Amino acid sequence: MALWGGRFSETGRQELTEFSESISFDKRLYKHDIMGSKAHVTMLAAQNIIPQSTADAIKVKLDEIRQMIDDGKMEFSAELEDIHMHIESTLIAALGDEGARLHSARSRNDQVALDIRLYLRDELESIIGGIRSFQKALVDLAEANKTVILPGFTHLQHAQVVLFAHHLLAYVEMLDRDAERLSDCRKRVNVMPLGSGALAGSTLPIDREFVCSQLNFERVTRNSMDAVADRDFAIETASALAIFGMHVSRLSEDIILWSSQEFGFIELADAFCTGSSLMPQKKNPDVAELSRGKTARLYGNLTALLTLCKGLPLTYNRDLQEDKIPLFDSLDTAHAILMVYPPMIATMSVRADRMREMASDPALMATDVAEKLVELGVPFRTAHHRVGSLVKYCRDNNKALDEVTLAEMQITIPEATAEFLQLFDPEVSVGKREITGGTGYKAVAKQLEFWQNKLR
């Protein structure tokens with residue numbers, strides 16, 4: 001019998017039971033539901049709302065129920081709807097009326113809000129830890145290849161030479177913002193809603209601050225209606241994970257390009273690739289491609305949560321049962337990516353010779369020539385135009401920039417000296433970019449030192 005069934009002479013058809021159940025996905029909350037119930041019943045006894053002996057018996061039985069679920073011995077049924085009713089009905093079956101006292105001064109509305117927040121706290125800590133491991137894998141790869149030069153791109157066109165380590169550390173920065181966002185989100189997750197009841201609190205003399213302390217929350221919610229209706233913390237989590245997915249997708253795109261025959265910059269370990277069912281020679285970067293694809297799921301989950309909540313009046317509505325599927329999927333997707341991506345990065349082979357070959361194009365140093373003119377007092381726009389004219393001259397005469405003579409260079413750049421002919425060396429170009437945040441050898445070494453210390 002449903003624990004809410006006293007009002008009803010008929011509790012519905014089987015189709016409705018199956019339509020309305022959530023146990024198929026919310027059973028993962030069982031540990032946190034039991035944790036919240038133990039804190040709640042401890043408070044009920046402390047406030048003399050129930051006898052201490054009853055509270056003690058309930059807590060012992062709750063521990064037994066947890067062990068039962070841990071061992072896979074609880075049979076889940078759609079008739080009991082959700083994890084809260086499974087646990088409570090098992091408790092009542094064992095303790096009778098004494099077990100029924102547990103639900104005093106709470107509703108499933110504030111109970112589920114509590115469970116999700118408790119669950120999310122743990123999940124966010126785990127994901128943040130995974131992101132830190134991801135960062136460390138990138139930093140380790142950067143350290144191992146800190147003098148390797150490759151062409152940097154804008155518009156997917158060769159632009160300027162950069163250090164490979166500098167490129168990798170750009171993604172370390174992105175991931176750090178992801179970790180910061182999730183840490184900041186956790187502050188708003190870490191607010192205790194229990195005691196809000198269905199929407200209006202309770203007439204019983206409960207002590208919400210006591211429960212808050214028992215469960216290590218930062219504070220209690222200030223408004224009972226908002227407490228049961230709020231899913232901002234879930235939306236914010238999904239948003240932060242969607243941005244994380246976007247960053248992973250961008251890195252995936254670089255890896256997919258770099259591992260292609262056209263680029264040939266890296267090779268991924270066989271363990272992180274698959275072959276073709278038709279073409280025996282193929283080696284496909286599936287982890288990168290699947291991660292790029294899973295980003296679409298993270299975006300979709302965020303959109304689903306936003307759409308779910310956009311038209312809901314206060315306070316709780318059954319629609320909110322649907323918050324868990326997209327939220328759980330985003331968490332699971334992030335965990336899955338973090339399980340495979342760091343070891344893929346750690347086992348990646350870098351083809352420094354191929355990168356250096358592609359970075360030797362003297363056109364990549366055209367901006368260096370313009371900036372040399374600026375050092376001599378030429379306005380940048382004038383310098384830009386003159387170097388552009390040199391590029392056109394070389395193209396018209398089928399010459400590389402480093403193949404022109406000084407006399408030829410002076411046709412378009414009258415200020416040019418013999419020193420200008422030495423500007424087409426990739427190592428020299430990189431070495432002159434020693435500003436903070438630049439791609440110079442010393443600048444990148446400072447970045448590496450910073451991240452190695454932070455991620456230690």
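This report walks through the core, a hairpin, selected helices, a surface patch and the salt bridges of a predicted model.

## Nonpolar core

The largest nonpolar core has 127 residues. Within this core, Phe134, Ile255, Tyr341 and Ile345 have the most contacts. Helix H7, residues 108-144, gives the most to the core, with 16 residues. In soluble globular proteins, nonpolar side chains tend to be buried together.

Phe134 shows how these residues meet. Residues up to four places away in sequence are not counted here. Phe134 touches Tyr341 and Ile345, and also Leu338 and Pro342. Its other partners are Leu175, Phe244, Val248 and Leu251.

## Helix H4

Helix H4 covers residues 52-70 and holds Ile58. Ile58 counts as buried because its relative accessibility is 0%. Beyond its neighbours within four places in sequence, Ile58 is in contact with Val41, Leu91, Leu95, Glu98, Gly99 and Leu102. Leu102 is 44 residues from Ile58 along the chain, yet their C-alpha atoms are separated by 7.6 Å.

Asp63 is found in H4 too. Asp63 has 39% relative accessibility, so it counts as partly exposed. Glu81 is 18 residues from Asp63 along the chain, and the two C-alpha atoms are separated by 21 Å.

## Salt bridges within H4

Two salt bridges sit along this helix. Lys61 pairs with Glu64, with the closest N and O atoms 3.1 Å apart. These partners are three residues apart, about one turn of the helix. Lys61 is buried, with a relative accessible area of 19%, because the cut-off for buried is under 20%. Glu64 is partly exposed at 40% relative accessibility.

Arg66 pairs with Asp70 in a salt bridge, and here the closest N and O atoms are 3.7 Å apart. Four residues separate Arg66 and Asp70, again about one turn of the helix. Arg66 is partly exposed at 33% relative accessibility. Asp70 is partly exposed as well, with a relative accessible area of 36%.

## Salt bridges elsewhere

A search of the whole structure finds 31 salt bridges. Side chains of opposite charge can pair when their charged atoms come close. One of the bridges joins Glu408 to Lys399, with the closest N and O atoms 2.7 Å apart. Glu408 is buried, with a relative accessible area of 14%. Lys399 is partly exposed, with a relative accessible area of 30%. Shared partners also link salt bridges into a network of Asp184, Lys187, Arg188 and Glu236.

## Hairpin of E1 and E2

Strand E1, residues 149-154, runs antiparallel to strand E2, residues 157-163. Five bridges join the two strands. Leu150 stands opposite Val162 in E2. Two residues lie between the strands of this hairpin, where His155 takes a positive phi near 60 degrees.

## Helix H15

Helix H15 spans residues 366-375. Its buried residues are Ala366, Asp368, Val369, Ala370, Lys372 and Leu373. They pack against helix H16 (380-396) and helix H18 (426-431). Just after H15, Gly377 takes a positive phi of about 100 degrees.

## Nonpolar surface patch

Leu199, Met225 and Leu314 make a nonpolar surface patch of about 270 Å². Leu314 is found in the loop between helix H12 (286-309) and helix H13 (324-346). Leu314 counts as exposed because its relative accessibility is 60%.

Note on methods: Residues numbered from 1 in each chain as written. Predicted model: local features only at pLDDT ≥ 70, side-chain atom pairs only at ≥ 80, totals over all residues. Heavy atoms only, no water. Core = buried A, V, L, I, M, F, W, Y, C linked by side-chain atoms within 4.5 Å. Buried < 20%, exposed > 50% of the residue type's maximum accessible area, 1.4 Å probe, protein only. Contact = heavy atoms within 4.5 Å. Pairing = 2+ DSSP bridges. Patch = residues over 30% accessible without salt bridge, like charges linked within 9 Å, V, L, I, M, F, W, Y side chains within 5 Å. Areas by Shrake-Rupley, 256 points an atom, 1.4 Å probe, with all protein chains shown as cover. Salt bridge = Lys/Arg side-chain N within 4 Å of Asp/Glu carboxyl O.
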